[in-house]
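Reader: Please take me through this model question by question, keeping to what its atoms can support.

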Amino acid sequence: MTHSTSTTTSAALPHNRLGINYRSVPPRKIPGLIIDAHTHTREPALTREFLRAADAYGIGKIWTMAPLEDVDALREAFPGRFEFIAIPKWQNLGPGEDFIKEWRRRIDEFYARGSRLIKFHNAPGTQKRMGMNLDHPEMQSIMRQAYDLGYHFMTHVGDPKAWFGEGKKYDPKDGQKSFIEQFAMLDRMLEKYPDRIHLGAHIGGSVEELELLQGRLDRFPHYILDSSATKWIIRGIAQQPLEPVREFFIRNQDRILFGSDLVVGEKYDFDHYVSRYWVHQQQWETSYSGESPIDDPDAEDGIPRLHGLNLPAEVLEKLYRTNAEKWLFGKVLGQSSVS
Ligand SMILES: [Zn+2]
């Protein structure tokens, strides 16, 4: 039914259905380098192409969830460019003791390499494969280990709201937690560690539920957000009346950090990487109103949309730079200035 509009674009590239020249970088609303607080890079050879894209779009320092095996090499190849967020060995993901044992070891190894932020990925799908949610005693004990070392926390607990419910990807009949239950679990974690920063990835997984999210931000002053996940965030914003969303970003301007969620991989090229930065630039800096150039299988009627928020310059300054300097480099890493 929806295919009549997509036939003309079906041959187009998934990251560029509108044929935009991403290499011609639109003028920036504010000057200066941007900090990307959420990426997934890999070994230097693969990461180099991503960095060419980051350079083109004025991205300076980058926080990454690179595998432990790549940390030293990335640091050596690109001195001062990356900060590392502790993650488990995802190839081990499973309900067994191996995954947990290895994760515990990695928490120490990342710490020894200077990491002070640890990511807990506990979306319903991951939860199922791991056989543990955030309330699980084993998970609680891992959190405690990280806390005792001095880590701050980062979580991904939500997923697009449209994935939850009967007949959906996260069906309660399959024993999946509901959207509300996922976030009740997050609240318990936030209550437990009020003296550590807690970064909620992907607008705290709640871009479609900004009122609930506002309540969480109000209750937990240590909770901050990153803007990462291009398709999801762009779609979530475009689905709503723009003004309340804009107000949300202005009201919480001290607590939202720019992030792309770019994943480095063999299958991606320069144009794929810059497509995300191009779309984010339109989202935050402009009043662009129309189709998004990035294909989105979850788009309501098959047509991805992008509605720019045209945030004020002083808000962009915080989103792009000073919030990451204050929260991540300052509070998490304890640095008094970012060189
Ligand atoms: Zn991510």
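**Pockets, zinc site and backbone**

Reader: Which element gives the most to the lining of the largest pocket?

Author: With 4 residues, H10 gives the most to the lining of the largest pocket, where a pocket is an open set of points on a 1 Å grid that a 1.4 Å probe fits, with protein on both sides within 12 Å along at least five of seven lines, and lining residues have an atom within 4 Å of a point. This is a predicted model, in which local features need pLDDT of at least 70 and side-chain atom pairs pLDDT 80 or more, while totals for chains, interfaces and linings use all residues. Residues are numbered from 1 along each chain, and side-chain values use heavy atoms, without hydrogens or water. Among the elements that each supply at least two lining residues are strand E1 (34–40), strand E4 (117–121) and helix H12 (270–285), but the one that gives the most is H10.

Reader: Which element gives the most to the lining of the second largest pocket?

Author: The second largest pocket is lined by 15 residues, and those nearest its centre are Arg235, Ala238, Ile303, Pro304 and Arg305. Helices and strands here are DSSP runs (H or I, at least four residues; E, at least two), and the run that gives the most, with 5 residues, is H10.

Reader: How far apart in sequence are the parts that His40 and Asp261 tie together?

Author: The zinc ion has the protein donors His38 (NE2), His40 (NE2) and Asp261 (OD), lying 2.1 Å from it; donors are N, O and S atoms within 2.8 Å of the metal (3.2 Å for Na, K and Ca), and sites may look incomplete because water is not among the atoms. Their spacing in sequence is H-x1-H-x220-D. Since His40 lies in strand E1 and Asp261 in the loop between strand E8 (256–257) and E9, the pair joins parts whose separation in sequence is 221 residues.

Reader: What is the relative accessible area of Asp261?

Author: Buried means under 20% relative accessible area, exposed over 50% and partly exposed in between (1.4 Å probe, protein chains only). Asp261 counts as partly exposed because its relative accessible area is 22%.

Reader: Near what value is phi of Ala229?

Author: Ala229 sits in the loop between strand E7 (223–226) and H10, and it is buried, with a relative accessible area of 8%. Phi of Ala229 is positive in a residue other than glycine, near 95°.

Reader: Near what value is phi of Ile203?

Author: Ile203 has its place in helix H8 (residues 201–204), and at 0% relative accessibility it counts as buried. Its phi is also positive, in a residue other than glycine, and lies near 50°.
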